[in-house]
Amino acid sequence: CLLICSMMTSIPAMAQGGAGTTSFSFVNIIPGARQAALGGAAVAINGDVNSLYWNPAGLARLGGQNATVSYANYFQDVQSGLLGYARRLKGKQVVGLGLQYLSFGTFRQTSSADPFGKQGRTFGASSVLLSLSYSRPVNNRLAIGLSVKALHERIQDFSSSALALDVGTLVAIPAYRLTAALVVQQAGFAVGTFVGGGSAPLPISIRVGLTHALMHLPLVLSADFVKTRAVDPSAHLGGEFDIREI
């Protein structure tokens, strides 16, 4: 169990290039194929349903109904995935639902009396996040968004739960072909703890992002600056070409 608990914090930390001592650190894994291809520089991207997991303010420019599905294998039985759905309501409001998970598969249980697990007992470990998002444009340039999150981690017979908020803003500056964003993620508290009553704090993050569309090239540059509790500050840079107008 101690090995699996260590893995539950180390895999997301490796994805961010650092080590942490927070709970629910699986939320630091980069969700979304597009955002992963951009190196995690995605907080200022506008009009993408994956903003459910990055910056809820980015949902404000969506039209109609949108969905996203992502799945990844790491090693052994470790799997990660997400589902997301958002739709526009009357009055330019957008609501969305998201589900993100990390599963460590099934492990053979051992003990001092059964060091090789020959009795065939097994246990599992997993983490899951369920979110409800709301976003709307304030005016032609400014959009705001809010996500309410429920988080749950489980290993064998032990589990922990938490409630958290994401609050984001996104500002378009057309004259300079810039979009700027600020979002606070995982601001919340644990409502249930693992055995012994101990609980590490949530991995609250502050992200500042910029995107810039070049004038004479179909290329959008993105940059994010991130500070997550218990993780060193990091910078992310990515670029995206529009091959055709469609």
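With a relative accessible area of 32%, Arg177 is partly exposed in this predicted model. Arg177 sits in the loop that runs between strand 6 and strand 7. Its phi is near 55 degrees, so here is a residue other than glycine with a positive value. A second case turns up in Gln186, where phi is near 60 degrees, again positive and again not a glycine. Gln186, though, belongs to strand 7, and with a relative accessible area of 4% it counts as buried.

Now for the overall layout. The protein has 3 helices and 10 strands, and along the sequence they come in the order α-α-α-β-β-β-β-β-β-β-β-β-β. Of the 246 residues, 40% are buried. Among contacts with a separation of 6 or more, 52% link residues 24 or more positions apart. The accessible surface amounts to about 12,900 Å², and carbon and sulfur atoms hold 61% of that.

On the inside, the largest nonpolar core contains 15 residues, and Phe24, Phe26, Leu102 and Leu151 have the most contacts within it. Strand 3 (94-108), strand 4 (122-137), strand 5 and strand 6 each put at least two residues into this core. Strand 4 is the top contributor, with 3 residues. Another core, made of 12 residues, lies apart from that one, and its members include Ile45, Val49, Trp54 and Ala86.

On the outside, Leu97, Leu132, Leu146, Val148, Leu165 and Val167 make a nonpolar surface patch of about 500 Å². Two elements give two or more residues to the patch, namely strand 5 (142-155) and strand 6 (158-173). Val167, one of the patch residues, lies in strand 6 and is partly exposed at 46% relative accessibility. The cut-off for joining a patch is over 30% relative accessible area, so Val167, at 46%, clears that bar.

Right beside Val167 in the numbering, Asp166 is also in strand 6, but this residue is buried, with a relative accessible area of 0%. The Asp166 side chain makes a polar contact with the side chain of Lys149, at 2.7 Å. Leaving aside residues up to four places away in sequence, Asp166 touches Pro56, Gly145, Leu146, Ser147, Lys149, Val184, Gln185 and Gln186. Leu146 in that list is also part of the nonpolar patch, and Gln186 is the strand 7 residue with the positive phi.

Gln185 picks up the thread from there. Gln185 has its place in strand 7 (residues 178-192). At 5% relative accessibility, Gln185 falls under the 20% cut-off and therefore counts as buried. Two polar contacts involve its side chain. In one, a polar atom of the Gln185 side chain lies 3.1 Å from the backbone oxygen of Trp54; in the other, the partner is the side chain of Arg207, at 3.0 Å. Trp54 is also listed in the core of 12 residues. Not counting residues up to four places away in sequence, Gln185 touches Tyr53, Trp54, Leu165, Asp166, Pro203, Ile204, Ser205 and Arg207. Among these, Leu165 is a member of the nonpolar patch. Finally, Gln185 and Thr228 are 43 residues apart in sequence, while their C-alpha atoms are 9.0 Å apart in space.

Methods
Residues numbered from 1 in each chain as written. Predicted model: local features only at pLDDT ≥ 70, side-chain atom pairs only at ≥ 80, totals over all residues. Heavy atoms only, no water. Helix = DSSP H or I, 4+ residues; strand = E, 2+ residues; numbered from the N terminus. Buried < 20%, exposed > 50% of the residue type's maximum accessible area, 1.4 Å probe, protein only. Contact = heavy atoms within 4.5 Å. Areas by Shrake-Rupley, 256 points an atom, 1.4 Å probe, with all protein chains shown as cover. Patch = residues over 30% accessible without salt bridge, like charges linked within 9 Å, V, L, I, M, F, W, Y side chains within 5 Å. Salt bridge = Lys/Arg side-chain N within 4 Å of Asp/Glu carboxyl O. Polar contact = N/O pair within 3.5 Å; in protein donor to acceptor, adjacent residues only side chain to side chain. Core = buried A, V, L, I, M, F, W, Y, C linked by side-chain atoms within 4.5 Å.
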